[in-house]
Amino acid sequence: MAVPGHRLDRMFNPEVVAVIGDKGPNYMWLHNNMPFKERGGRLYSVQLDDREIPGIEALGVKNFKSIAEVPERIDYALVAVPRQVSPYVLKDLIEAGANGAAFFTSGFAETGEELGIQLQAQLQEMAREANFNLVGPNCMGLYLPRVGVRFNVDAPVADDGRIGFLSQSGTHGIMFSLVAAANGMHLSCCVSLGNAIVLDVSDYLEYLALDDQTEVIGMYVEGVKDGRRFFETLRETCKRKPVVVWKGGQTEAGARATMSHTGSLATSQAVWDGMMRQCGAITTNNLDETIDTMKALLMTKRPKGPGMALLAQTGGQSVSITDAFSKAGFTVPRLSDESYAQLAEFFNIVGGSYQNPLDMAGTVQGRHETLDRILRIVDADPNIHGMAMELSAMFASRQWRKDPSTLEGLLDTLQAHMERSDKPFVVVLHPAHEAEYVASIQPKFNERRIPVFQSFERAAAALARVR
């Protein structure tokens, strides 16, 4: 990712990273960022405690006792020191010409204590006066998968990330990156911004809007410092690429919690919702909805209308999938006479139906060529703008285990359909009693970019948000 000339570009594309104040026995921040070193980046440690230095050097990381001793100009620093020490560290970073730093350190205005408030104000004044890129404090900082900068040791290092994610919660930032990867989606970057006393959501949003590697943007936000700037930046960004916004603190009790979490002031939910509509942002309410929406954005075509063809395996499921998509605002129209005539040539209507929804297990019976024939007929129907297909772990898992080639053949058929069709296609695979097995085969769907959802309702809601 790169936006040459932008104030954040050097920090988001670092060549020199310093970890300040890391401690054993785990040396969490140095371990997190070992991939940066392995990928050719220069990783340094700054720690003056003699008891910690042997453990740091055992990791193969050069340690210095002061920031001034670091032999190269620092592009990005991760600061993990006591809050009273943080102004001194910031002063040294500014004097050394460092470009930016994330302060993992907490205990500032979010505590409500006078000392925390004063220290935060001091950091803010120093950074603004020096035009220094301060991330946080009270945050996990940057996750840059391509270069190997991480805020969690389990976060994947990847070159193909297409999602930019901004989070005022460190936990939500970590969770989103891990769950997205488990669903076959990597990030271009993630920022855990915490109290956001210098760089706010708008600064990062502006950068991601211009970054060619980032195709879609998501965020978890509890509040913003400059509402007018946020509105204008979000509105302009939504014209360039989809933005998914998960708002924390939607209720009165939740709004109180945001104050003690990141020091964010409550915003009227009605005002917020109106702003999202005016900007054209896609709103979600939790992690699952955000992941599902990202999956639909990245792995499906855009729906050109409301008409859905629903392909179920049994009669009861055909009713349930119809209710789910109808409640989400889709229609389930009759197919054209030509489609019905073609389906009537081979479809088994004893215990099945091709009316839409389709009850088709008795017709397909594991034959991929028959499924392909159905997909081609339904896809060509002028009344249909998208398709959702149920796969049943309850019935199919035994066969897939016994003969893995049957699953591979199914995936080949679905992938071929998605490549030739210009309509959105989603798969619903409820884990049923086979949750462990379904989780084990999820990567096979991910590799082929086949969007899988765990329930009819989640699939319908995600596609509706995209529409």
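**Exercise 1. Strands β1 and β2**

Determine which residue of β2 stands opposite valine 16, and place the two strands in their sheet.

*Solution.* Step 1: in this predicted model, valine 16 stands opposite arginine 42 in β2. Step 2: the strands concerned are β1, residues 16-20, and β2, residues 42-46, which pair in the parallel sense over 5 bridges. Step 3: both belong to an open sheet of 6 strands with parallel pairing, in the order β3-β2-β1-β4-β5-β6. Step 4: the edges are taken by β3 (62-64) and β6; each has a single partner strand, so one side of each is left without a neighbour in the sheet. Step 5: on average, and with direction ignored, neighbouring strands of this sheet are turned by 25 degrees against each other.

**Exercise 2. The sheet that contains β13**

Establish the strand order of the open sheet formed by 5 strands, identify its edges, and describe the helix α20 that packs on the sheet.

*Solution.* Step 1: the order is β14-β13-β15-β16-β17, with parallel pairing. Step 2: β14 (358-359) and β17 (452-453) are the edge strands; each has a single partner strand, and one side of each is therefore left without a neighbour in the sheet. Step 3: helix α20, residues 456-466, packs on the sheet and touches β13, β15, β16 (425-430) and β17. The direction of α20 makes about 155 degrees with that of β16. Step 4: within the sheet, β13 (residues 308-312) pairs with β15 (residues 386-392) in the parallel sense, over 4 bridges. One facing pair consists of methionine 308 and glycine 386 in β15.

**Exercise 3. Aromatic pairs**

Classify the pair of phenylalanine 12 and tyrosine 207 and that of phenylalanine 230 and tryptophan 272, and state which helices each pair ties together.

*Solution.* Step 1: a search of the whole structure yields 12 aromatic pairs. Step 2: phenylalanine 12 and tyrosine 207 lie 4.8 Å centre to centre with 65 degrees between the planes, an edge-to-face pair. Step 3: phenylalanine 12 belongs to helix α1 (residues 9-12) and tyrosine 207 to helix α8 (residues 201-210), so the pair ties together parts that are 195 residues apart in sequence. Step 4: phenylalanine 12 counts as buried because its relative accessibility is 2%, and tyrosine 207 is buried with a relative accessible area of 0%. Step 5: the rings of phenylalanine 230 and tryptophan 272 have centres 5.7 Å apart and planes at 20 degrees, so this pair is stacked. Step 6: with phenylalanine 230 in helix α9 (residues 227-240) and tryptophan 272 in helix α11 (residues 269-279), the pair ties together parts that are 42 residues apart in sequence. Phenylalanine 230 and tryptophan 272 are buried.

**Exercise 4. The surroundings of α8 and α11**

Which residues of α8 are buried, and what covers them? Answer the corresponding questions for α11.

*Solution.* Step 1: α8 is mostly covered, with 8 of its 10 residues buried. Step 2: these are Val201, Ser202, Asp203, Tyr204, Leu205, Tyr207, Leu208 and Ala209. Step 3: their cover includes α1, β6 (133-135), β8 (163-167), β9 (187-192), β10 (216-221) and α9. Step 4: in α11 the buried residues are Gln269, Trp272, Gly274, Met275, Met276 and Cys279, and they pack against β10, α9, β11 (243-247) and β12 (282-284). Step 5: just after α11, glycine 280 adopts a positive phi of about 90 degrees.

**Exercise 5. Cysteines**

How many disulfides does the structure hold, and which cysteine sulfur is nearest to that of cysteine 139?

*Solution.* Step 1: the structure holds 0 disulfides. Step 2: for cysteine 139, the nearest cysteine sulfur is that of cysteine 190, 11 Å away. Cysteine 139 is buried, at 3% relative accessible area. Step 3: cysteine 189 is likewise in no disulfide, the nearest cysteine sulfur being that of cysteine 190 at 7.2 Å; cysteine 189 is buried, at 1%.

**Exercise 6. Alanine 328**

Locate alanine 328 and list its contacts beyond neighbours within four places in sequence.

*Solution.* Step 1: alanine 328 lies in the loop between α13 (315-327) and α14 (337-344). Step 2: its relative accessibility is 28%, so alanine 328 counts as partly exposed. Step 3: the contacts sought are Ala460, Ala461 and Ala464. Step 4: alanine 328 and glutamate 457, 129 residues apart in sequence, are 8.0 Å apart in space, C-alpha to C-alpha.

Notes: Residues are numbered from 1 along each chain as its sequence is written. This is a predicted model: local features need pLDDT of at least 70, side-chain atom pairs count only at pLDDT 80 or more; totals for chains, interfaces and linings use all residues. Side-chain values use heavy atoms; hydrogens and water are left out. Two strands pair if DSSP finds at least two bridges between them. Contact means heavy atoms within 4.5 Å. Axes are lines fitted to C-alpha atoms, for helices over the stretch in contact, and angles run from 0 to 180 degrees between N-to-C directions. Rings of Phe, Tyr and Trp (its six-membered ring) pair if their centres lie within 6.5 Å; planes under 30 degrees apart count as stacked, over 60 as edge-to-face and the rest as tilted. Buried means under 20% relative accessible area, exposed over 50%, partly exposed in between (1.4 Å probe, protein chains only). A disulfide is a pair of cysteine sulfur atoms within 2.5 Å.
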